[in-house]
Amino acid sequence: MVGLAELGKLQLAHDLIHAGLRLSIVRALTGVGTRTLRKWWKEIHHGKRPPNGKLPETVLSFITDHETAAVVSAYATFHIRGYNDLSAASLMAAWREFQRICAPIDINVAYFAVRDIRARIVVLADCNTCRARFIYDVGSRHTDRCPFCDTRVIAD
Ligand SMILES: [Zn+2]
């Protein structure tokens, strides 16, 4: 018989697939096997195969304009303020809540944003002008300034 903890894990894996999270990430977060996940993906996404291309190395690959920079920064701030970890449960809860109150965001991007901030691959900086927090990286013109007010001066 499947225990409650196991059942919760399977339900979360199912929900994350429904949300469109890449299977390698679902597997890493839930421990559910690839064969099961692939079968569920096809059932949930009406016979479509799961994407299996290479995943991006960092969240920065997703940030291609100011609007995306703003939404991704808002999500990261929301997740990190409200949850202590990046687990299947916290990702699912934070992603659902954020979409309900704020804006749509690809769950893969949401995952990478929080992962990369926790791993210090990117920095969440405070804007001196509007006080918003944003993903700061000097490497791109979409991340070297505040996406909310366009200020380039940041706190350290
Ligand atoms: Zn600002």
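**Exercise 1. Determine how the donor residues of the zinc ion are spaced in sequence, and what arrangement the 4 donor atoms adopt.**

Step 1. The spacing of the donor residues follows C-x2-C-x15-C-x2-C. Cysteine 127 lies in the loop between S1 and S2 and cysteine 146 in the segment after S2, so this pair ties together parts that are 19 residues apart in sequence. The model is predicted: local features need pLDDT of at least 70 and side-chain atom pairs pLDDT 80 or more, while totals for chains, interfaces and linings use all residues. Residues are numbered from 1 along each chain as its sequence is written, and side-chain values use heavy atoms, with hydrogens and water left out.

Step 2. The protein donors are the SG atoms of Cys127, Cys130, Cys146 and Cys149, lying 2.3 Å from the zinc ion. Donors are N, O and S atoms within 2.8 Å of the metal (3.2 Å for Na, K and Ca); water is not among the atoms, so sites may look incomplete.

Step 3. The angles subtended by the 4 donor atoms are 103 to 114°, so the arrangement is tetrahedral (four donors, all angles between 85 and 135 degrees).

Step 4. Cysteine 127 and cysteine 146 are both buried (buried means under 20% relative accessible area, exposed over 50%, partly exposed in between, with a 1.4 Å probe and protein chains only).

**Exercise 2. Describe how strand S1 is joined to strand S2, and which residue stands opposite aspartate 126.**

Step 1. S1 (residues 123-126) and S2 (residues 133-136) run antiparallel and are joined by 4 bridges. Strands are DSSP runs of E, at least two residues, numbered from the N terminus; two strands pair if DSSP finds at least two bridges between them.

Step 2. The two strands form a hairpin with 6 residues between them, and arginine 131 in the turn has a positive phi of about 70°.

Step 3. Opposite aspartate 126 stands arginine 133 in S2. Their side chains also meet in a salt bridge at 3.0 Å, N to O (a side-chain nitrogen of Lys or Arg within 4 Å of a carboxyl oxygen of Asp or Glu).

Step 4. Aspartate 126 is partly exposed because its relative accessible area is 35%; arginine 133, at 27%, is likewise partly exposed.

**Exercise 3. Identify the salt-bridge partners of aspartate 144.**

Step 1. Aspartate 144 meets arginine 145 in a salt bridge (3.1 Å, N to O), and both residues are buried.

Step 2. Aspartate 144 also bridges to arginine 152, with the closest N and O atoms 2.9 Å apart. Shared partners thus join Asp144, Arg145 and Arg152 into one network.

Step 3. Arginine 152 counts as exposed because its relative accessibility is 52%, whereas aspartate 144, at 11%, is buried.

Conventions: Tetrahedral: all angles 85-135°; square planar, octahedral: opposite > 155°, others 65-115°.
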